[in-house]
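Here is a colleague's note to read alongside the structure. Keep the viewer open and look up each residue as you go.

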Amino acid sequence: MTSINIRAVAKTYGNFPVLKGLDLDIADGEFVSFLGPSGCGKSTLLFCIAGLEDITSGSILMDGRDISELDPRDRNIALVFQDYALYPHMKVKDNMAFALRQQKVAEATIQQQVAWASELLGLEQFLERMPAELSGGQRQRVAVGRAIVRNPAALLMDEPLSNLDAALRVRMRTEIKRLQRELKITVIFVTHDQEEAMVLSDRIAVMHGGVLQQFDEPMTVYRQPANRFVASFIGSPQMNFLPGSMVGGHGGGRLVGIRPHDLSPADGAGGESVRLEGELALIEPAGPVTFLDVLIGDTIVKATTTDPSAFRPGQRLTLEAPARMICLFDEATGARV
Amino acid sequence: MSLSLASSDTAKPGRRRRIGRTPAFAYAAVAPTLLIVCAVVGIPLAYSVYLSLNSTNPITKKWIFVGLNNYVTVLTSPDLWWAIARTAYFAGFAVVGTTILGTILALVLNQRFPGRGLLRSVVLVPWAMAPVSVGVLWSFVFAGNYGTLNALLTDLGLASWATPWLGNGFRALNLVALTHVWNQAPLTALMVLAGLQSMPGNLHKAAMLDGAGPVARFFKITLPWLKPNLLFISIIATINALMAFDILWIMTRGGPGSATTVFAWLGYVYSFQFFKFGEGAAMLYVLTILSFLLAIFYFVVLGPRRVRAAEDRPLPSSSLEGTLKRRAMAIIPPLPRRWHLPRHVARPLGKTLFFLLAVVIFIWSALPVLSLVLMSISPAGDLIRTPPSIVPSTLTFDNFRAVLMPQVGTGGSSVQAQRVPYSLLNSFLVGAAVSLICVVLGTFAGYAFARYEKLRFFKYSLWALLLTRMTPALTLVLPFFIMFRTVNLIDTRTALIISYCSFLLPLSAWMMKSYIEGVPKSLDRAALIDGCSRFKMMWTILIPVVRPGIIAALIFCFLASWNEFLMALILTSTPNSQTIPVVLSGFLSQAQFYEYGPMFAASVLSILPPVLIAFVFQRYLVQGALSGAVKG
Ligand SMILES: Nc1ncnc2c1ncn2[C@@H]1O[C@H](COP(=O)(O)OP(=O)(O)O)[C@@H](O)[C@H]1O
Ligand SMILES: [Mg+2]
């Protein structure tokens, strides 16, 4: 239905550049996440796409048509806000019907559409309530319902799950994914939670300081991060970075990145691998895996094991990682080589 | 384990009882405020009930108990019903006017634009200045032969339109009401602004995306959000209109004929011109009851509405998780094409219109005040020129010299002008003292009210304090007059300070309660755990944290005291204690044209402190309005 092309979009507040010339091509029906630390300009970019903020330069195309000059209401884009922004004085059903009423759609159509959306999201029993009478999770759903009810060309979400507790967050993200599959709608999902982005997205746009760092499928971003920032931002716990001189074979000016999940105590199995020796400093059990903090030289390196019973803090230890799993970065520029 | 727990319980029986007990500190904190309010509001009110049940013989000065006779006389007099009708008209005009104008002002002042801070200060000026000065200013704008408005019309070549504006009865009532609106609209604007600022910013963004234009957003989003504020604001505006007295005293004194004789004026005339204390008290009691009814209406209609708490039940499963057959989606027609100006035209056009609106607001607020300043530096002779003109023949500081250095200008300055410097000092001393007392006591009371609102004692005494907001000063001033005369305090600054506590103490307690509510309770608890006594906790932790609120409360109290006219008029009679509004009103009684120059100079001096406050402390005033129960 809707493709979105962002062409060299820049945005400044006064003299402060928030977006520094971004290019993004989002395909029809794609689920794209904007991922980055807080303050990197994700919400600003989202608001620019929705038309709530003017862009300073560049252009935004929808289905090939330039929409940069259109009012928000002529773009047919829906947005789920971080704080939901439900109209506090309207019942749930009126919140959901508001956009259609503004378009002067026939009342019968509105009722049918509200019934459809509320059934889809399991909101039927809340239709007569005021937003203040709902719990956080219910409000979040109403916000999604209000967004999809008018059948928008694209659905934008600004950290919609960040105000929910952990269990509900996991459940709602599955629901959002299902909804997107069901409606085959183009979704842009803003988050600072890399796990959320990985699970949900067809592609992730990683942003930092108003600059697009990488735009690729989740596993590509994970395995082949474009630079050191992406590598450290994606994946938990963070990737280990070691000077190239410390890891055999790589000269100076290089940084070697190894994910903790790829690094484990050597078991002598074959295959081409990278080996590191150090002293075990700390054991952190985390359920399915146990993290080992190993002191190598004067840096702490995190590794994982599934069987921690054999290890004691203070003992010497050899770690190894499959050679194909390590990333090499230029120490000066941070770019992957 | 359980045994040792039980024994430790019995070992320290005192400890258990402490838990959940209201500390004596809370009662000690409200006690001074409640006692003083009882003394300065409760006793006078009771006394005026007594007065209203008696009749005095003006010749023998004997009091006779007459039961409800005064009420019967008053309620059967047609004067009263005419006054009620005029009051209703005046109040209706004032409430509609201040609400609409105040909302427009607030909407403009809520936008971001260069010079917003300046415009906010300028808009506040008509409200910050004393109603007496407002009256002086506008009565000369509307004055018959030489008034500013007529002079302006003459200058513009429209001399035939010139007319004695306040000469026609109905027009006079409207113009006085308009003046009242000019004076009161900024207060409404402050309170609406507070409501607008508490509005989540994303609400408008969501509505924009939902396709609502600016007009639809105002009516469907902003106005419903403001509804509780607006209802409260109109109650305050109604009460302020019912009690409007000062500008009437200056501008029309109930005339021409009885065209502007509203309820408050009638009560004043009965009590202090006819000296029918009993009937006057009865009449003012009717006004008090009316105000109380409004107050009760406020509590019933607007009292905190209970919202069912959002339960934390698990979410029902959405049908996305099942595989059942689902309802079909409706076919929504494509977005209608709207006609609109292209953005590069609409933007500058919108900006220009907004700029024009801001200029109109600036002129509305500042121009009358500037014309007062102009009159104060024009020679007095200019005021009676024929034909009249607003262009001064020359500029002079003679008027200021006359009021500020009365000894120097030989023979030039009159008795009245000589009173100005000392009255400024009186106003300042009374204002400083009463603000200090009220804010100190109000802060402690506010703490107890904020932290123990759930307890019945605090809840009801807070309500009682709020009700005093609805008591017209006119009702209190008659008992004050008689009581202060009895204890020989009449015509002293002390009498003014005591009587001003009647409305400033509830105000400051209420404001401080609102501020302290905004401070998390955990802060108190942290300080108590760190070993502070409650008093020390307030002194070292809470008071520094709520300092902006304290400053705002001080400003509001000082302004209200500086501008107060009615009580000062009745309770003072000599320059020893007269405040500047009283001296200003005295100029008018003398009615010599050469006195008007010094009078304008004195008016300018009287509005100087409020204007300075509006400019320097504008941000505190906007914050202070959040607490709502603001003195008009
Ligand atoms: N209205 C504004 N005026 C000035 N700076 C702003 C404004 N809105 C956002 N910013 C700045 O722009 C940057 C990006 O903000 P935002 O897009 O909200 O970040 P996030 O990625 O957390 O959503 C931040 O540094 C923020 O301070
Ligand atoms: Mg954000």
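The points below cover aromatic rings, charges over rings, and the two domains of chain A.

1. Before anything else, please remember that this is a predicted model. A search of the whole structure finds 34 aromatic pairs over all chains. Let's look at a couple of them.

2. How are the rings of Trp265(B) and Tyr268(B) arranged? Their centres are 5.2 Å apart and their planes meet at 40°, so this pair is tilted. Both residues belong to helix H13 of chain B, which covers residues 263-273. They are 3 residues apart there, so about one helical turn separates them. Trp265(B) has 4% relative accessibility and therefore counts as buried; Tyr268(B), at 7%, counts as buried too.

3. Next, find Phe480(B) and Phe484(B), an aromatic pair that is stacked. Here the distance is 5.5 Å centre to centre, with 20° between the planes; an angle under 30 degrees is what counts as stacked. The two residues sit in helix H20 of chain B (residues 473-486). Being 4 residues apart in that helix, they are separated by about one helical turn. Are they buried or exposed? Phe480(B) is buried, with 2% relative accessibility, and Phe484(B) is buried, with 6%.

4. Aromatic residues can also gather in a group. In chain B, one aromatic cluster is formed by Phe25(B), Phe444(B), Tyr447(B), Phe535(B) and Trp539(B). Try selecting these five together in your viewer.

5. Which residues lie over the face of a ring? In chain A, Arg228(A) lies over the face of Phe241(A), 4.6 Å from the ring centre. In chain B, Lys513(B) lies over the face of Trp510(B), at 4.7 Å from the ring centre.

6. Now turn to chain A, which is divided into domain 1 (4-233) and domain 2 (240-330). The C-alpha centres of these two domains of chain A lie 39 Å apart. Where they meet, 8 residues of domain 1 are in contact with 8 residues of domain 2. About 740 Å² is buried between the two domains, and carbon and sulfur atoms give 58% of that area.

7. Which residues of domain 1 of chain A lose the most area to domain 2? They are Tyr222(A), Arg223(A) and Arg228(A), which together make up 69% of what that side buries. You met Arg228(A) earlier, over the face of Phe241(A). Arg223(A) forms a salt bridge with Asp262(A), and their closest N and O atoms are 2.9 Å apart. Across this domain interface, 1 salt bridge is found.

Conventions: Residues numbered from 1 in each chain as written. Chains lettered and ligands numbered in written order. Predicted model: local features only at pLDDT ≥ 70, side-chain atom pairs only at ≥ 80, totals over all residues. Heavy atoms only, no water. Phe/Tyr/Trp six-rings, centres within 6.5 Å; stacked < 30°, edge-to-face > 60°. Buried < 20%, exposed > 50% of the residue type's maximum accessible area, 1.4 Å probe, protein only. Lys NZ or Arg CZ within 6 Å of the ring centre and 35° of its normal. Domains from an automatic or database assignment. Contact = heavy atoms within 4.5 Å. Buried area = accessible area lost by both parts, 1.4 Å probe. Salt bridge = Lys/Arg side-chain N within 4 Å of Asp/Glu carboxyl O.
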